[in-house]
Amino acid sequence: MDDTVAALLDRLKTRRNRWNGHTLRAEFAADPDRFDRFSVAFDDILFDYSKTHVDAETLALLVELAEAADLIGWRERKLSGDAINTTERRAVLHTALRDRSRRAIHLGDQDVAADVASVLAHMEDFTDAVRSGGIRGATGEAFTDVVNIGIGGSDLGPRMAARALSPYRDGGPRVHYVANVDGADLADTLATLDPARTLFLIASKTFTTLETMTNAASARAWIAGQLGEAAVPDHFAALSTALDKVAAFGVRADRTFGFWDWVGGRYSTWSAIGLSLALSIGFRNFSAFLDGAADMDEHFQTAPLDRNIPVLMGMIGAWYRDAWDYRTLAVLPYDQRLEHFPAFLQQLDMESNGKRVTRDGVPVSVPTGPIVFGEPGTNGQHAFYQLLHQGTDVVPCEFLVACQPHETLEGDHHAKLVANCLAQAEALMRGRTEEEARAQMLASGMSATEADRLAPHRTFPGDRPSTMLMYRKLDPRTLGRLVALYEHKVFVQGVIWNINSFDQYGVELGKELASVLLGAVAGGEPLTASDGSTAGLVARYRAMRGEA
Ligand SMILES: O=P(O)(O)OC[C@H]1O[C@H](O)[C@H](O)[C@@H](O)[C@@H]1O
């Protein structure tokens with residue numbers, strides 16, 4: 001880490017001392033303008049960070065830190081197609097997938113904008129034809145169901161977005177997502193489907209992933225078994241960078257949608273990997289989703305650092321991770337259709353920034369990515385919020401909430417949802433002192449002895465930070481903005497920590513060992529290099545199956 005960056009991180013750690021014996025609650029009481037000073041709006045999205053331990057001086061230090069880490073330079077190098085994924089020697093150009101200005105980028109012989117436009121045009125034609133019944137299954141029936149077979153980045157993004165944007169389906173096919181190699185995933189999905197009306201999309205950047213290839217082979221066998229081998233080409237499409245492997249599987253060229261090695265798996269929803277989403281909501285809505293991301297790219301590119309939402313989110317996260325040593329991050333969408341958003345963000349954030357060496361391969365000197373988890377509110381309130389309010393670890397929280405629902409139900413669902421969201425953020429910040437807890441119990445008629453006994457249990461330490469993203473409505477454009485916002489946030493943090501956010505070697509060791517173990521698990525081959533525990537478990541497994 002650069003000396004200036006390290007010195008700034010030290011200054012931020014010292015700055016934290018300002019909060020010893022001082023609280024956000026006191027800060028709000030002393031400063032009626034705190035909300036205005038520490039919130040920023042970008043069109044329909046408001047980012048409120050006034051309930052974090054940021055003040056003017058800290059903000060200035062965070063901006064200085066971003067500048068010292070050369071965030072502006074890295075942002076430009078990324079957009080220009082420099083190979084900033086240094087370990088894999090690849091460019092990181094997912095922004096080009098949604099760049100309506102078609103900024104000219106050439107990688108060797110490749111005209112990136114032209115290639116993107118060509119695949120998008122193919123996706124549009126295919127989407128329109130499937131949705132209108134112009135493209136049908138082998139028996140002449142229109143497709144009513146689409147099954148995306150993929151995992152990780154080839155699953156989480158489109159799965160999250162299709163669920164988030166389900167009100168925009170407008171007669172489009174139902175979409176299903178099968179990821180797990182556990183046969184339960186595919187079998188349970190197939191049980192609901194009519195093969196004659198089902199289209200499978202095999203989504204895999206590499207077209208080698210064990211789970212996806214296993215599920216694809218079984219789905220292929222299912223179609224061949226139900227409709228005959230000749231029906232297979234009519235019921236499969238593929239989304240991949242590995243066109244030769246797609247052809248070998250038997251998918252027709254006109255059903256193959258390509259992308260490129262400069263699109264990371266967890267950044268690929270905007271590419272051909274988004275085809276299931278486009279089929280679900282139609283191409284016009286898919287385009288609005290891309291446009292929303294482009295809006296956020298422009299904001300990230302042009303807004304001053306102290307008014308730049310992804311920069312602020314990234315810097316505040318780094319401040320809590322490094323100066324406060326907070327190890328986790330809860331993402332709490334008060335928006336049921338964002339139920340897959342935390343899982344999507346787990347891959348985006350933890351696969352990107354769960355790194356222990358710098359770009360130069362030396363151990364990092366500060367903690368990097370947090371453990372991300374979350375659930376939609378209000379559900380989580382009835383499960384793990386106890387720990388958020390009274391546990392011994394402080395968990396910074398990111399709330400998300402829409403101002404307008406899609407539903408027009410009787411009753412006040414949305415007002416209750418929003419009231420709960422705001423109340424949780426307020427409760428985390430405000431807390432309740434022991435005296436307040438005792439006074440409340442006495443006021444309710446409780447005896448002094450009982451109030452004394454319960455007061456410690458009913459005390460909330462408070463001063464627990466959260467941010468709020470409040471947006472007009474979860475429509476395609478806004479979802480595009482939100483997803484791109486988080487992508488940039490993760491990028492900002494990677495720059496601060498001087499790590500490569502774009503590789504994922506950490507997923508490989510387990511995959512390698514699984515392939516070694518498969519022979520022993522499935523076929524009783526001798527285990528040569530396993531530890532005693534693993535060998536014992538394999539033996540037990542085989543014994544339980546009567547195969548020992
Ligand atoms: O799209 P695929 O090549 O099938 O890869 C699917 C996923 O598997 C890998 O293990 C990586 O960890 C993910 O980043 C990737 O998204």
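**View 1. The S1–S2 hairpin, held by 4 bridges between antiparallel strands.** Strands S1 and S2 pair, which takes at least two DSSP bridges between two strands. Strand and helix labels come from DSSP runs counted from the N terminus (E, at least two residues, for strands; H or I, at least four, for helices). Just 2 residues sit between S1 and S2 in this hairpin, and Asp 43 in the turn has a positive phi of about 50°. Across the pair, Ser 39 stands opposite Asp 48 in S2. Everything here is a predicted model: local features need pLDDT of at least 70, side-chain atom pairs count only at pLDDT 80 or more, and totals for chains, interfaces and linings use all residues. Residues are numbered from 1 along each chain as its sequence is written.

**View 2. Strand S2 (residues 45-48), with side chains that alternate.** Ile 45 and Phe 47 point to one face and are buried, while Leu 46 and Asp 48 point to the other and are not. Buried here takes 20 or more other C-beta atoms within 10 Å of the residue's own, exposed takes 12 or fewer, and partly exposed is anything in between, with C-beta atoms placed from the backbone. On to the next strand: S2 joins S13 through 4 bridges, running antiparallel. Leu 46 faces Met 470 of S13 in that pairing.

**View 3. The open sheet of 6 strands, ordered S1-S2-S13-S12-S10-S11.** Its pairing is mixed. S1 (39-42) and S11 (371-374) are the edge strands with a single partner each, so one side of each has no neighbour in the sheet. On average, neighbouring strands of this sheet are turned by 15° against each other, direction ignored. Inside the sheet, S12 (residues 397-402) and S13 (residues 466-471) run parallel and are joined by 6 bridges. One of the bridge pairs puts Ala 402 with Tyr 471 in S13. Helix H15 (residues 341-353) lies across S10 (328-334) and S11, running at about 170° to S11. For angles like that one, axes are lines fitted to C-alpha atoms (for helices, over the stretch in contact), and values run from 0 to 180 degrees between N-to-C directions.

**View 4. A parallel open sheet of 5 strands, in the order S6-S5-S7-S8-S9.** At the edges you'll find S6 (174-178) and S9 (256-258), each pairing on one side only. Neighbouring strands of this sheet are turned by 20° against each other on average, direction ignored. S8 (residues 236-240) pairs with S9 in the parallel sense over 3 bridges, and Ala 238 stands opposite Thr 256 in S9. Helix H9 (residues 210-227) packs on the sheet and touches S5 (145-149), S6, S7 (198-203) and S8. The direction of H9 makes about 145° with that of S5.

**View 5. Helices H4 (residues 56-68) and H14 (residues 309-323), packed at about 100°.** Their axes are 10 Å apart. H4 and H14 are therefore roughly perpendicular to each other (that label covers 65 to 115 degrees; under 35 is roughly parallel, over 145 roughly antiparallel, and the rest oblique). Leu 62, Leu 65 and Ala 66 of H4 meet Val 311, Met 315 and Trp 319 of H14, where contact is C-beta atoms, placed from the backbone, within 7 Å. By class, this contact has 6 nonpolar, no polar and no charged residues. The nonpolar class is Ala, Val, Leu, Ile, Met, Phe, Trp, Tyr, Cys and Pro; Asp, Glu, Lys and Arg are charged; the others, Gly among them, are polar.

**View 6. The ligand and the 14 residues that surround it.** The closest are Gly 152, Gly 153, Ser 204, Thr 209 and Gly 265. A residue is near the molecule if its C-beta atom, placed from the backbone, lies within 6 Å of it. The shell divides into 2 nonpolar, 9 polar and 3 charged residues.

**View 7. Backbone oddities: Asp 170, Phe 207 and the Gly 377–Thr 378 bond.** Most residues other than glycine have a negative phi, and most peptide bonds are trans. Asp 170, in the loop between H7 (156-164) and S6, has a positive phi of about 50°. With 11 C-beta neighbours inside 10 Å, Asp 170 counts as exposed. Phe 207, in the loop between S7 and H9, has a positive phi near 55°. Phe 207 counts as buried, because 23 C-beta neighbours lie inside 10 Å. The peptide bond joining Gly 377 and Thr 378 is cis, with omega about 10°; Thr 378 lies in the loop between S11 and H16 (385-390).

How values were computed
Two residues are in contact if their C-beta atoms, placed from the backbone, lie within 7 Å.
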